[in-house]
Amino acid sequence: MADSSFFRILLFILPSILGLALISLLSQKSSSWTLISTVSNTDVVTVKTPPSISERREQALDLPSDIVDGNGGSGEANSKDAVPNNLASIPIAAEPLQVQNFNETGEASQINATGSSMKDSPGRPLNTKRPRVRTNLDRLEMGLQQARAAIRAAMNGSQVQDPDYIPTGPSYLNAKVFHRSYLEMEKRFKIFVYKEGDPPLFHEGPCYNLYTTEGIFIHKMQMDIHFQTQDPEKAHVFFLPYSITRMVQYIWESGQYYGAIGNVVQDYVNVIARKHHYFNRSLGTDHFILACHDWGPITSFYSPLLGENSIRALCNANTSERFNPVKDASIPGLNLMRGGSRLGGVVGGPSPSQRRILAFFAGGNHGPVRPLVFKQWENKDPDIQIHNYLPKGVSYHELMRNSKFCLCPSGYEVGSPRIVESVNNGCVPVLISKDYVPPFSDVLNWKMFAVIVSLEDIPKLKKILLGISDSQYIRMQRRVVQLRRHFQANTPPERFDVFHMILHSIWLRRLNIRIGKDLDAVPN
């Protein structure tokens, strides 16, 4: 009887014990799954690298310099969703930023920037979270991606209002796109200026005479508080503030060539590369220099990555001397004279109907182009006034202001300050050169406000100019006046002036590259 009672009690208690054990086991499994899913649900941003930069990275291993081979970073140029330098040709359709999403099993699936999956995940809902930005560089690149999208959208958008100036008309390749790009630059663009180097070779330049642009930009960049950042982690580009003109003035000796100057440039870049990791991170693609001296382009190649990869803002924009419009920027040469400016002392001029001289030029007879002009037209026709030296008492400004067209033939180098002088005096510029990329050609449509004459057509110069009707000339001259603001140097700088236009040219080229840490990123 006692045994029977014991078995009844045992049968009653045993199911309860088994039930409690099962509940405890299920609770442990649920807690373990929650922990795993929380840790592994991570979004990682990766950046694509094109084969061209990869090839340059491999070539950099054999460079005979102290620069690291770039194993700490990668660059991307001319990506599919990059903003082309020619703003008129920006594609409307934008390719979404590619993001890697790692799921519980460790597999990576591609999603676009809106969060929609590019690869089905059976049994799981789509992850609609935005990609998590992990580094300062990622944050910069995400901001540039947003800028690219905004610039593309401007192609079909309405005109943005602006209290200072609204670009309009055919003088721009695409006025609305340029305006949006300029506003995005003002909103986002940050520049770090390296502190290494001492004056006068570094951090200053000539603010008068033929190479004024070089000194003015360095000075204004040093003083700027809007675009300049003191934190390199926040910088989109890095400025190497050396002056080739100052190097020629202080270390070049008569009879020598540019070798000594090229060595200084190479040493400076090596110092920067050893002290900071940013140059090697991008192989120099997000670094820029500015030079107006004739030797600026050739000396940049003493540091191969600088010449080949970096953004070079050059007055001597000669494609036959390895100027690359995709990554390099053509800038105007200014000639500001002490005690009276040929640049800004006299701005404006009479109306088109009061300009009595058909064409005018005064300057040295040197270089490969000007002798052709002098031979054909000097003292040959009163309508085309060609002077080597002006007679005493004759005003250079007054002749320009009373001319319909001002000739701008190349001298020793392709660029000429006469382009800016013509624009400031309301004279339609006539560009006579070979292999020259005019300033700001990524924004301005030069054929709408200037006359471009080939060397072969110099004998036909008068016929070409007389073939422009009065109404067409008036339109061209009004466009010159409209664009004058882009070629003027102001103190302090003003919106849309030459300082900001140079910055915009550099901004465009930064939009065309993306920098990342993954050397094995997917190519475009």
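This report describes the overall make-up of a predicted model and then its parallel strand pairs and one of its helices.

The protein holds 16 helices and 15 strands, and 52% of its 524 residues are buried. Of the contacts that join residues at least 6 apart in sequence, 71% link residues at least 24 apart. The accessible surface amounts to about 24,300 Å², and carbon and sulfur atoms account for 56% of that area.

**Strand pairs**

The table lists three strand pairs, each with a pair of residues that stand opposite one another.

| Strands | Sense | Bridges | Opposed residues |
|---|---|---|---|
| β12 (residues 403-409) and β13 | parallel | 5 bridges | L407 and V430 |
| β13 and β14 (residues 451-453) | parallel | 3 bridges | I432 and V453 |
| β10 (residues 357-362) and β11 | parallel | 4 bridges | A359 and I384 |

Strand β13, which spans residues 428-432, has 5 of its 5 residues buried, and the cover extends to both of its faces, with V428, V430 and I432 on one side and P429 and L431 on the other. The strand is joined to β12 in the parallel sense, and the chain passes between the two through helix α13 (residues 418-424), forming a right-handed β-α-β crossover. Strand β13 also pairs in the parallel sense with β14, where V453 is the bridge partner of I432, a residue that belongs to the buried set of β13.

Strand β11 (residues 384-387) shows an alternating pattern, in that I384 and I386 point to one face and are buried, whereas Q385 and H387 point to the other face and are not buried. The buried residue I384 stands opposite A359 of the parallel neighbour β10. Here too the connection is a right-handed β-α-β unit, made of β10, helix α11 (residues 370-377) and β11.

**Helix α4**

Helix α4 runs over residues 175-188, and its 14 residues reach 20 Å from the first C-alpha to the last, which is close to the 20 Å expected at 1.5 Å a residue. The helix is mostly covered, with 11 of its 14 residues buried; among them are the hydrophobic-named positions A175, V177, F178 and L183, together with H179, E184, E186 and R188. The buried residues of α4 pack against α3 (136-153) and α16 (498-511). At the start of the helix, a side-chain oxygen of N174 comes to within 3.4 Å of the backbone nitrogen of K176.

Notes: Residues numbered from 1 in each chain as written. Predicted model: local features only at pLDDT ≥ 70, side-chain atom pairs only at ≥ 80, totals over all residues. Heavy atoms only, no water. Buried < 20%, exposed > 50% of the residue type's maximum accessible area, 1.4 Å probe, protein only. Contact = heavy atoms within 4.5 Å. Areas by Shrake-Rupley, 256 points an atom, 1.4 Å probe, with all protein chains shown as cover. Pairing = 2+ DSSP bridges. Right-handed = clockwise from strand over helix to strand, strands pointing away. Expected span 1.5 Å × (residues − 1). Polar contact = N/O pair within 3.5 Å; in protein donor to acceptor, adjacent residues only side chain to side chain.
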